Amino acid sequence: MEIKVTERATIRTATQEDIDRVEATLRAGDRAECEIFGDKSAYHAKVSEFEQCWAIFGRGELVGYCGVLIAPGTTALAPTRWLCFLSTESVDKMKISFVRDSRAVMKAIVERTPEHVKLFYSMPMSSYHGSIIWHERILKMKRSSVVMVNGHEHTLYTIERKEI
């Protein structure tokens, strides 16, 4: 299913091939976030791991994916979900339109999660300055806490459905 989000941005249900293409061309910061988990086999995502996974296109080009994840230790009935965003080097060719469309893309994805889900999390590596700014200024997510993951500081962000 393909959904036109803005004049430039579309999302569609991701395939494993989409995930593979994104992860093969990650932006440097996104790659660094993944590499803290070890070699590629340790962090390579599978579409089946997500409740939903969306391939994100900007100007017809694959620019990333967003996996919607049920938090470990919870069930599909939980009122929370993780939004796992990864982006490709293609974003660097269209930074302005990517930024302009990001919140609308997040909104379109959130609208397609179960209605009982009221709170969304994301957790970029704190040293990935561009992602921190994007979460705060563009997505309008709120800092919740700082946690250590494999010796690297990450910033936990939240946003309520009603804020989107």
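**Notebook: overall form, cysteines and His 116**

I began with the overall size: a compact globule of 164 residues would have a radius of gyration near 15 Å, and the chain, at 15 Å, agrees with that. I note here that the model is a predicted one. I then took the extents of the C-alpha trace along its principal axes, and these come to about 35 × 35 × 30 Å.

For the secondary structure I found five helices and eight strands in the chain. Reading from the N terminus, I wrote down the order of the elements as β-β-α-α-α-β-β-β-α-β-α-β-β. I also looked up how contacts are spread along the sequence, and of those between residues at least 6 apart, 64% join residues at least 24 apart.

Turning to the surface, I recorded that the chain exposes about 8,400 Å², of which carbon and sulfur atoms supply 55%. Buried residues account for 49% of the 164 in the chain. As for charge, I noted 23 positive and 22 negative side chains, with the centres of the two sets lying 6 Å apart.

Next I asked myself how many disulfides the structure holds. The number is zero. For Cys 53, which is in no disulfide, I looked up the nearest cysteine sulfur, and that of Cys 66 is 7.4 Å away. Since a disulfide requires two cysteine sulfur atoms within 2.5 Å, I could see why this pair does not count. Cys 53 has 5% relative accessibility and therefore counts as buried, the cut-off for that class being under 20%. Cys 84 is likewise in no disulfide, and its nearest cysteine sulfur also belongs to Cys 66, at 7.0 Å. With a relative accessibility of 25%, Cys 84 counts as partly exposed.

My last entry concerns His 116, which I located in the loop between helix H4 (95–111) and strand E6 (119–122). Is this residue buried or exposed? Neither class fits, because His 116 has a relative accessible area of 32% and is partly exposed. Leaving aside residues up to four places away in sequence, I listed what His 116 touches, and the list reads Ala 76, Leu 77, Ala 78, Pro 79 and Arg 81. I also looked up the separation of His 116 from Gly 60, which lies 56 residues away along the chain, and found their C-alpha atoms to be 32 Å apart. I set that value beside the extents of the C-alpha trace, about 35 × 35 × 30 Å along the principal axes.

Terms used
Residues are numbered from 1 along each chain as its sequence is written. This is a predicted model: local features need pLDDT of at least 70, side-chain atom pairs count only at pLDDT 80 or more; totals for chains, interfaces and linings use all residues. Side-chain values use heavy atoms; hydrogens and water are left out. Buried means under 20% relative accessible area, exposed over 50%, partly exposed in between (1.4 Å probe, protein chains only). Helices (H or I, at least four residues) and strands (E, at least two) are DSSP runs, numbered from the N terminus. The radius of gyration is taken over C-alpha atoms; the globule rule is 2.2 Å times the number of residues to the power 0.38. Contact means heavy atoms within 4.5 Å. Accessible areas come from the Shrake-Rupley method with a 1.4 Å probe; for residues, only the protein chains shown count as cover. Lys and Arg count as positive and Asp and Glu as negative; His and the chain ends are not counted. The place of a charge is taken as NZ of Lys, CZ of Arg, CG of Asp or CD of Glu.
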